[in-house]
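This report examines the fold, the empty spaces and selected backbone features of a single chain. The sequence and the model are shown first.

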Amino acid sequence: MIDCFANAEFHMFIYQKFGKRAFDVTCALVALIIFSPVLVIIAAMVRMKFGSPVIFRQIRPGRHQKTFTLFKFRTMTDARNNAGLPLPDAQRLTPFGGFLRRTSIDELPELINVLKGDMSLVGPRPLLTQYLDRYTPEQARRHEVLPGITGWAQVNGRNAIEWSKKFEYDVWYVDHWSLWLDIKILFLTVGKVFRRHGISSADHATMPEFLSNKE
């Protein structure tokens, strides 16, 4: 029994130290090759509907809160009000953009982030930099691992769950991640995408802003 536990711990150590990166790179390369025709077609359609740029770039915090540039397909227009400020997401999100989000096609460019080492296939989703000083110490633990294209919170409700629950799932993943858990999350993600569960929260086009819940 002791030997079994020792072997399990050894295998988890090897995966966490070396295997996860190899798994990410291999899967990301294969996915980019398989989806390359889709990427080209979607890029052309985004260019036609939204103009340039095709790729949405935004600075996000990664592991240990080190920032990187996140890549996604654009899903919103640049519509602004009379004061020059962007309109609410719900007004800028077009039907085509909504389709990209519902199918998660807008996130395919993040495979490039995976190859660069900024992200992993599986991990807590990278959120906005302005949220960093709003986390409790426990919530901030989500940055102990690389952010992911999908994660434990995404397969347990995605944007349909409250922020506090989302962070609980993120921290749980930090404490339990393994090869088998990553594979399970990837398979569950495929099912969620096909069923289009949890794309948005109630009364919001995506997810409401996270406000600090520190005492």
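## A glutamate in a loop

Is E107 buried or exposed? The model in which this is asked is a predicted one. E107 lies in the loop between α3 and α4 (110–116). Its relative accessible area is 11%, and because buried means under 20%, E107 counts as buried.

Leaving aside residues up to four places away in sequence, E107 touches K72, R125, I149 and R158. One of these, K72, belongs to β2, where K72 is the bridge partner of F56. Another, R125, is among the residues that line the largest cavity.

## Overall architecture

The chain contains 6 helices and 4 strands. Read from the N terminus, the order of the elements is α-β-β-α-α-α-β-β-α-α. Of the 215 residues in the chain, 43% are buried. Among contacts with a separation of 6 or more, 69% are between residues 24 or more positions apart.

The exposed area of the chain is about 12200 Å², and 62% of that area is supplied by carbon and sulfur atoms.

## The β1–β2 hairpin

Strands β1 (residues 55–61) and β2 run antiparallel and are joined by 7 bridges. Strand β2 (residues 67–73) is mostly covered, with 5 of its 7 residues buried. The hairpin has 5 residues between the strands.

Two residues of the loop between β1 and β2 deserve attention for their backbone angles. H64 is placed in this loop and has a positive phi of about 60° although it is not a glycine. Q65 is in the loop between β1 and β2 as well, and its phi is positive at about 65°, although Q65 is not a glycine either. Most residues other than glycine have a negative phi, and most peptide bonds are trans. The relative accessible area of H64 is 59%, which makes it exposed, whereas Q65, at 37%, is partly exposed.

## Other backbone features

The peptide bond between S52 and P53 is cis, with omega at about 5°. P53 is located in the loop between α1 and β1.

A positive phi, about 65°, also occurs at S104, just after α3. Within helix α3 (residues 95–102), the residues F96, G97, G98, L100 and R101 are buried.

## Pocket and cavity

Rolling a probe the size of a water molecule over the atoms shows where empty space is left. The second largest pocket has a volume of about 250 Å³. Its lining consists of Q16, K17, F18, K20, R21, D24, R63, S120, E144, V145, L146 and W177. Helix α1 (residues 2–50) provides the largest share of this lining, 6 residues. By class, the pocket lining comprises 6 charged, 4 nonpolar and 2 polar residues.

How many cavities of 30 Å³ or more does a search of the whole structure find? The search finds 1. The largest cavity has a volume of about 40 Å³, and the residues that line it are P61, G62, R63, P124, R125, P126, L127, R142, H143, V145 and P147. By class, 6 of the lining residues are nonpolar, 2 are polar and 3 are charged. R63 and V145 appear both in the lining of this cavity and in that of the second largest pocket.

Key. Residues are numbered from 1 along each chain as its sequence is written. This is a predicted model: local features need pLDDT of at least 70, side-chain atom pairs count only at pLDDT 80 or more; totals for chains, interfaces and linings use all residues. Side-chain values use heavy atoms; hydrogens and water are left out. Buried means under 20% relative accessible area, exposed over 50%, partly exposed in between (1.4 Å probe, protein chains only). Contact means heavy atoms within 4.5 Å. Accessible areas come from the Shrake-Rupley method with a 1.4 Å probe; for residues, only the protein chains shown count as cover. On a 1 Å grid over the protein atoms alone, a cavity is a set of points where a 1.4 Å probe fits but cannot get out, and a pocket is an open set with protein on both sides within 12 Å along at least five of seven lines; lining residues have an atom within 4 Å of a point. Grid points are joined across faces, edges and corners, and a volume is the space filled by probe spheres set on the points. Ala, Val, Leu, Ile, Met, Phe, Trp, Tyr, Cys and Pro count as nonpolar, Asp, Glu, Lys and Arg as charged, and the others, Gly among them, as polar. Two strands pair if DSSP finds at least two bridges between them.
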